[in-house]
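Biologist: I've got a fold open on my screen and I'd like to learn how to read it. Please take me through it one feature at a time.

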Amino acid sequence: MRLLVFLLLLSCGETNRCRVIESRLEGGYGLQTGWCRLYTVVPHGVARSVSLNRDALARVVAGIRADGVPIVNAFSDAESRRRAERLAEAYGGTVMSWLSVPQMVGETIYVPWEPGNEPDTLSALLTYAHEYQHVLQDRAEGPEFGMVYGLDLMSRAWFEADASNAERDVIFALYGETSAVKDDWASTLAAGYATGPASVSVFLGVLRAGDVVRDRGYFSTLGGSRVVGWANDV
Ligand SMILES: [Zn+2]
């Protein structure tokens, strides 16, 4: 563990980044290789003024699309339906249930609603932050992202915990605080993403490290900081 921290310090260049990375490691995470590039240091002072309205949501959608990421309604997208059918066949479940889960595949964000007609502004905002963070993970990891996500349970846990931190960055911006991470959240997340009991400590470590980062005055994810920036029109 210590050797890994030392190597990351060498490879990261930026002092703040590595301080936070070290705190993540101390929190229990130490497996993923590409994540150093994902971390961002963005003061969150400006973000406290975010308000929850449709204009902010529309700006976030426009920002994500301007970054080259299509957002489409999974139900109306033929490719999404084909993929859902393949997943349903391989893993069980129904096509409807696969399509009703927001997801990022091939840097396209699929949501179960018509973009621009989101049912609930807060959950839509959090969903976009979460899925956009996956896009950034995909870009950082390169072509192996899908395979690593699918096959390496600890990495998948980290990717999902990191995407959850993007949501918590947005919550922090909206309300000035986030509720404390509870132990049972990690178990629920590990079950929900089928990452196994061993991944519980990864979820806990990454989520709590995110809180440490926010308490120090920074966002814990690039996705979260960009979404808040777009919502603020900055
Ligand atoms: Zn996710």
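Biologist: Let's start with E107. Is E107 buried, partly exposed or exposed?

Modeller: You count the other C-beta atoms, placed from the backbone, within 10 Å of the residue's own: 20 or more is buried, 12 or fewer is exposed, and in between is partly exposed. E107 has 16 such neighbours, so it counts as partly exposed. Keep in mind that this is a predicted model, where local features need pLDDT of at least 70, side-chain atom pairs count only at pLDDT 80 or more, and totals for chains, interfaces and linings use all residues. Residue numbers start from 1 along each chain, following the sequence as written.

Biologist: Where does E107 lie?

Modeller: Helices (DSSP runs of H or I, at least four residues) and strands (runs of E, at least two) are numbered from the N terminus. E107 lies in the loop between strand 2 and strand 3. Check its backbone too: phi of E107 is near 60°, a positive value in a residue other than glycine.

Biologist: What about A194, what is its phi?

Modeller: A194 has a positive phi of about 55°, and it isn't a glycine either. You'll find A194 in the loop between helix 9 (183-192) and helix 10 (200-215). Its C-beta has 11 others within 10 Å, so A194 is exposed.

Biologist: I also clicked on D120. Where is D120 found?

Modeller: D120 is in the loop between strand 3 and helix 6 (121-141). It's exposed, because there are just 10 C-beta neighbours inside 10 Å. Now look across to R54: the two residues are 66 apart along the chain, while their C-alpha atoms are separated by 9.6 Å.

Biologist: On to the strands. In what order do the three strands form the sheet?

Modeller: Strands of a sheet pair through backbone hydrogen bonds, either parallel or antiparallel. Here we call two strands paired if DSSP finds at least two bridges between them. The three strands make an open sheet in the order 1-3-2, with mixed pairing. Strand 1 (71-73) and strand 2 (103-105) are at the edges with a single partner each, so one side of each has no neighbour in the sheet. On average, neighbouring strands are turned by 30° against each other, ignoring direction.

Biologist: In which sense do strand 1 and strand 3 pair?

Modeller: Strand 1 and strand 3 (residues 108-111) pair in the parallel sense, over three bridges. To spot the match on screen, find I71, which stands opposite I109 in strand 3.

Biologist: Now the helices. At what angle do the axes of helix 3 and helix 6 cross?

Modeller: An axis is a line fitted to C-alpha atoms, for helices over the stretch in contact, and angles run from 0 to 180 degrees between N-to-C directions. The axes of helix 3 (residues 54-66) and helix 6 come within 10 Å and cross at roughly 20°. That makes helix 3 roughly parallel to helix 6, since under 35 degrees counts as roughly parallel, over 145 as roughly antiparallel, 65 to 115 as roughly perpendicular, and the rest as oblique. Contact here is C-beta atoms, placed from the backbone, within 7 Å. Those touching include L57, V60 and I64 of helix 3 and A124, L125 and Y128 of helix 6.

Biologist: And at what angle do helix 6 and helix 11 cross?

Modeller: Their axes come within 8 Å and cross at roughly 130°. That makes helix 6 oblique to helix 11. Among the residues making this contact are Y128, Y132 and L136 of helix 6 and L222, G223 and V227 of helix 11.

Biologist: How many residues of helix 11 are buried?

Modeller: Nine of the 10 residues in helix 11 (residues 222-231) are buried. Helix 3, helix 6 and helix 8 are among what covers them. Right after helix 11 comes D233, with a positive phi near 65°.

Biologist: Last one: which residues touch the most other members of the largest nonpolar core?

Modeller: A nonpolar core is a set of buried Ala, Val, Leu, Ile, Met, Phe, Trp, Tyr and Cys residues joined through C-beta atoms within 7 Å. The largest one has 53 residues, and V60, Y128, Y132, V170, F203 and V227 touch the most other members. Helix 8 (residues 153-175) gives the most to this core, with 10 residues. Try V60 on your screen: leaving out residues up to four places away in sequence, V60 touches L125, Y128, V227, W230 and A231.

Conventions. Two residues are in contact if their C-beta atoms, placed from the backbone, lie within 7 Å.
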